[in-house]
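I have a new structure open today and a fresh notebook page beside it. Here is what I looked up, in the order I went.

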Amino acid sequence: MKKFIPIIICFFLLSNMANAQYYFKYSALNSYDYYENTGKMFVNNDYKKLGVKEVITKRVDPKLNKVISTGINSINGNGISYQFINLNKKGVLTYSNNYNFIDSVHYDKRLTVYKTDTTVMINVFNDKKLIAEVQYFNKKKEKRSFAKHTYNDNNKIYSITWFNKKGIENYRYEYQYYENGSRKTTREFDKGKLKKVYNYTCEPMGTVEKKVSQQNICKKRTYNPDSSYFEIFEGMDNKGKSTRKIIKYSKDSTALEQVFYNNNDKETMKFVYEKGNNNLQKTYYYYKGKLIEVSASTKNKNGLFESYTVTNGKGKVKSNTTYEYSYF
């Protein structure tokens, strides 16, 4: 489930420009290696090994027991999805993603259709196959926005600058790293002005401009006697507000639980991951201590997803999704 859910989320986050900018900001702050991998597609090793050519997902209304949407995911011989389309219950296209590859993993163009909106994303690479610029165009071929990337001598991302359609800078992120390559600081600019500094360290904060928000983001890992462990992510800004996330892992590094706390150290969200017999996996989502939703997935004998069911906190089924596969 850990890889499946982010893929689905990305499909919808990137379907229009407002959401694309949100995902840009989220990734800029929370992912160490996202931008080093921009322009590459995820390789599903199971699909590649088994020769999966197409995955059809059917979402069923539990009340009517009728298909309300169908997703068709086309896979190439390298185990990479090159096309995804979604049809409503009448068979009408509501969403699609199409990729144009320039080698086995890199793509230079993505065409996204969401209802009546069309977006074309163009990736411009430098001579090291790293993204130099990402451009977004509407269906009239008018540039909506673009982002420029620069890198340091170690090919780690140094800055990402997001511009509007007129070429005016909206956001910029600048990064510094430790010698081991992990991130040291992130500096966030809004319309050219430094607004926030994020320090990925457990040391006390240094001195910055008074109008600039500063936040320490600290990561600690502690092992238990049985080799299971937990990670604590703590954030503290220069106004004394803190946030915390704790992830518990089994000894084989499987995530068992994620808990989020607010600045009053009260639990806000919790995700509990449970693995049962016959390839059954469940995720329990709690908000402020109340069970909100349970998602359950099963896999077939080849380890591929077979079904995905979502129920609310009271056990009422909200949706059922089934998976069908065809092979080369």
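My entries below go from the whole protein to a few single residues.

**Entry 1: the whole protein**

I noted before anything else that this is a predicted model. I then looked up the secondary structure and found three helices and 21 strands. Of the 328 residues in the protein, 41% are buried. For the surface, I wrote down about 19,400 Å² exposed, with carbon and sulfur atoms supplying 50% of that area. I also checked contacts between residues at least 6 apart in sequence: 25% of them join residues at least 24 apart.

**Entry 2: the cores**

Which residues have the most contacts inside the largest nonpolar core? I found I157 and Y175, in a core of 18 residues. I then asked which elements give two or more residues to this core. My list reads β6, β7 (131–138), β8 (143–151), β9 (157–164) and β10 (169–177). Another core lies apart from that one; it has 10 residues, and Y47, V52, F305 and Y323 are among them.

**Entry 3: N123**

Strand β6 came up in the core list, and I went back to it for N123, which lies in this strand (residues 117–125). Is N123 buried or exposed? Its relative accessible area is 5%, so I put N123 down as buried, the cut-off for that word being under 20%. I followed its side chain and saw that it reaches the backbone oxygen of Y107 at 3.0 Å. Y107 also appears among the contacts of N123 once neighbours within four places in sequence are set aside; the others are G39, D108, I131, E133 and V134.

**Entry 4: aromatic rings**

Next I turned to the rings. A pair of them is described by how far apart the centres are and by the angle of the planes. I have 13 aromatic pairs in my count. For Y99 and F101, the centres are 6.5 Å apart and the planes stand at 40 degrees, so I call this pair tilted. Y99 is buried, at a relative accessible area of 15%, whereas F101 is partly exposed, at 22%.

I took Y136 and W162 next. Their ring centres are 5.8 Å apart and their planes are at 35 degrees, so this pair is tilted too. Where in the chain do Y136 and W162 lie? I found Y136 in strand β7 and W162 in strand β9, 26 residues apart, which makes this a link between distant parts of the chain. Both Y136 and W162 are buried.

I also marked one aromatic cluster, formed by F84, Y95 and Y114.

**Entry 5: lysines over rings**

I then looked for charges over ring faces. K245 lies over the face of F233, and I noted 4.7 Å from the ring centre. K299 lies over the face of F305, at 5.1 Å from the ring centre. I recognised F305 from Entry 2, where it is listed in the core of 10 residues.

**Entry 6: a glycine in a strand**

My last stop was G235, in strand β14 (residues 229–237). I wrote "buried" beside G235 because its relative accessible area is 6%. How many residues separate G235 and I217 in sequence? I counted 18, while in space the two are 4.4 Å apart, C-alpha to C-alpha.

Notes
Residues numbered from 1 in each chain as written. Predicted model: local features only at pLDDT ≥ 70, side-chain atom pairs only at ≥ 80, totals over all residues. Heavy atoms only, no water. Helix = DSSP H or I, 4+ residues; strand = E, 2+ residues; numbered from the N terminus. Buried < 20%, exposed > 50% of the residue type's maximum accessible area, 1.4 Å probe, protein only. Polar contact = N/O pair within 3.5 Å; in protein donor to acceptor, adjacent residues only side chain to side chain. Contact = heavy atoms within 4.5 Å. Core = buried A, V, L, I, M, F, W, Y, C linked by side-chain atoms within 4.5 Å. Areas by Shrake-Rupley, 256 points an atom, 1.4 Å probe, with all protein chains shown as cover. Phe/Tyr/Trp six-rings, centres within 6.5 Å; stacked < 30°, edge-to-face > 60°. Lys NZ or Arg CZ within 6 Å of the ring centre and 35° of its normal.
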